[in-house]
Amino acid sequence: MKHDFKTSVTEKIRSMSLLFVLIVAAGMSIWAVFAVPVPIVDYMLESDIRKQANLWQRRVVLHMGDVDTAFEEGIIQPHDAHMLTLLTEETDVFRYRLLTSDGEIFWSSRSDEIGEFDANAFFTTQVARGEVYYMHEEMPAYDVDGLTLGSDSYDSNVTREVAQVYMPLIHNGHFEGAIDFYTDITDIRNIFLQRVQLSLIVLTSIALLAMTIAVYVVFKANRVNMNQMRQRNETERGILDEQLRLAREVQLLGELNEWLQSSRSLDELFDMVARFMTHILPTAEGSVYVYSNSRDVLDGCASWNGGIHKDHIHPEECWGLRRGRTYEYGMSEIDFVCEHAEPHDGRAYYCFPILAHGETVGLMHLRALGDATEEFISSRKLAQMCAEQISMAIANVRMRDQLHDQSVRDPLTGLFNRRHMTETLRKSINASLNSGTALGLIAVDVDHFKKFNDNHGHDAGDMVLRAVGSVLEQACDGEEVACRPGGEEFTLILPGTSPEDVMTKAELLRQAVEAIVVRYGEKALPGISISLGVANYPRHGTMPQDLLRAADEALYAAKAKGRNQVCLACTAEQAPRDPAAQDGNSKRSGPESPIAAE
């Protein structure tokens, strides 16, 4: 009777505690619905407005003829003023101002502000140091340009949410001024708040429902007879320990498989293997070997738990590889030690051949750690599953590398194709933009290539393309890339190369191709020559299509001048005055060429 009374009191206390938890959870849910969305939405909007401000600033700068002079002298040309007024009509900006480095407003979408000075302290402490300043505040509705208001348009109680962003203009490390943008975010902020609140209401409702169900389940579970639980406790503890061990192994194997499948390279894969095997098999030291490309030796790739792997081992040194199945040392009455396991101290070990798609790709070697021989022997099945997962991961990485290589390579010449060329050029331009380094582009075309196909057949034409591609590939160093967009056209991308060095390399390529002798059958094909067009970033363009177009136009100019020569693209300023005059364009075939002379 006493025990029943204590049990009843305990159950009542637990029920009251759970009810209190539900009340607290409901209160926190209500608070979260109304308090949490505001800072989240404001943070999201700030991030978005900052990105938009970068685009607005770039658009203003591109529309102005001479940005540096305008901000230094505080003078806007009539044409620039007309273009600047279009920004408020074509974007979400309802007001913006151009400020000199001293804070003087020398142009504004509101003309009455021109000539004033920005009195905000953060202009000199933050903006002048190159930092973007963002401010979110409420403004009277009548102060928002372009806003349609009703009869209460001048009521100061009617406000709008406005974001203000100061974008500093930095050139060569010098602060030249800033652009101050105003944009109305009232509508989008309200929409975001409503959506976030609705989402939180749904989520908290689900959470409360789940908690209510959980409380009910716990309440019912508390009525289970405590005496029966005590009687089964010892038996279930042993079962639970075994299940936990198996669950942990399954979880680790699942995590290992997930991580291995997401690895991008073999080096990354083996690093994952070493870290996981330390936890999956703590009683074993191990190492992994993989066949080299020549398949005459296996290269040591990783080791863990104190294991040491050799740089190279031969397949004949392992009984597991020689017999084609797992070799278990220390499990039979008579055993032979593998040569790669020397020096051997008598501890039991396993050699698991790593198989993938019916082919042996490597070897996993495990040895008992210290005196944990029994635990090591009992983990054989787990070790076998690890070896199988590692084998499939190795096969997947190699297959992924092969497929990727096939997708970006031209099958005839082995050079990169148009797809890789476009992506590489885009990345190179971004890198040059961030680092301020030069970037060169050379467009190459084989002269009179159609004659090779017409006079000697397409096989001879393919030999010519392979020969030219080989010359271009050998000329590339470091991050330089040679591509074949198609046909007899080639392109070289030269990151970090000055304009002078680009012209020099182009001339050397022309000379190298001119020296090629291609034999087809029993005779040599006619001499090969190429025409080359050179363009440099940012002089001839800041976008991939602009650079490619400039290089192609220079290539056409080289062909028009007689082929077998290098031409430099002309800038936009040079083209209208004298289209035929291009600085650096010259035929590089004669001994008088300064590049050839070098």
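# Briefing on a predicted protein model

An open sheet of 6 strands runs in the order β8-β7-β6-β11-β10-β9, with antiparallel pairing. Its edge strands, β8 (312-313) and β9 (327-329), each pair on one side only. The model described here is predicted. Its protein chain contains 19 helices and 18 strands.

**The chain as a whole**

- Of the 598 residues in the protein chain, 40% are buried.
- The protein chain exposes about 33400 Å², and carbon and sulfur atoms supply 54% of that area.
- Among contacts between residues at least 6 apart in sequence, 59% join residues at least 24 apart.

**The open sheet and helix α9**

- Within the sheet, strands β10 and β11 are joined in the antiparallel sense by 8 bridges.
- One of the bridge partners in β11 is Thr360, which is matched with Leu355.
- Helix α9 packs on the sheet and touches β6, β7 and β11. The direction of α9 makes about 40° with that of β7.

**The nonpolar cores**

- The largest nonpolar core has 37 residues, and Met364 and Leu366 touch the most other members.
- The elements that give two or more residues to this core are the helices α8 (226-261), α9 (266-280) and α12 (380-408), together with the strands β6 (284-291), β7 (298-304), β10 (349-356) and β11 (359-368).
- Helix α12 provides the largest share of this core, with 9 residues.
- Leaving aside residues up to four places away in sequence, Met364 touches Met277, Ser287, Val288, Trp304, Tyr350, Cys351, Phe352, Ile354, Ala383, Ala387 and Ile390.
- Another core, of 33 residues, lies apart from the one that holds Met364; its members include Phe452, Val513, Leu525 and Val566.

**Strand β12 and its neighbours**

- Strand β12 (residues 439-446) is largely enclosed by the rest of the structure, because 8 of its 8 residues are buried.
- In a regular strand, side chains alternate between the two faces of the sheet.
- Both faces of β12 are covered. On one side, Leu439, Leu441, Ala443 and Asp445 are buried, and on the other side Gly440, Ile442, Val444 and Val446 are buried.
- β12 pairs with strand β14 (residues 489-495) in the antiparallel sense over 7 bridges. In this pairing, Gly440 stands opposite Leu494.
- β12 is also joined to strand β17 (residues 530-537), again running antiparallel, by 8 bridges. Here Gly440 stands opposite Asn536.

**The helix pair α15 and α16**

- Two packed helices are described by the angle between their axes and the distance between the axes.
- Helix α15 (residues 458-475) packs against helix α16 (residues 499-514) at an angle of about 145°, and the axes are 10 Å apart.
- The crossing of α15 and α16 is right-handed.
- On the α15 side the contact is made by Val468, Val471, Leu472 and Ala475, and on the α16 side by Lys505, Leu509, Ala512 and Val513.
- Val513 of α16 is also among the residues of the 33-residue core.

**The loop residue Asp477**

- Asp477 is found in the loop between α15 and β13 (481-486).
- Asp477 counts as exposed because its relative accessibility is 52%, and the cut-off for exposed is over 50%.
- Asp477 and Leu494 lie 17 residues apart along the chain, and their C-alpha atoms are separated by 8.9 Å. Leu494 is the residue of β14 that stands opposite Gly440.

Technical notes
Residues numbered from 1 in each chain as written. Predicted model: local features only at pLDDT ≥ 70, side-chain atom pairs only at ≥ 80, totals over all residues. Heavy atoms only, no water. Core = buried A, V, L, I, M, F, W, Y, C linked by side-chain atoms within 4.5 Å. Buried < 20%, exposed > 50% of the residue type's maximum accessible area, 1.4 Å probe, protein only. Helix = DSSP H or I, 4+ residues; strand = E, 2+ residues; numbered from the N terminus. Contact = heavy atoms within 4.5 Å. Pairing = 2+ DSSP bridges. Areas by Shrake-Rupley, 256 points an atom, 1.4 Å probe, with all protein chains shown as cover. Axes fitted to C-alpha atoms, helices over the stretch in contact; angles between N-to-C directions. Left-handed = near helix turned anticlockwise from the far one by under 90°.
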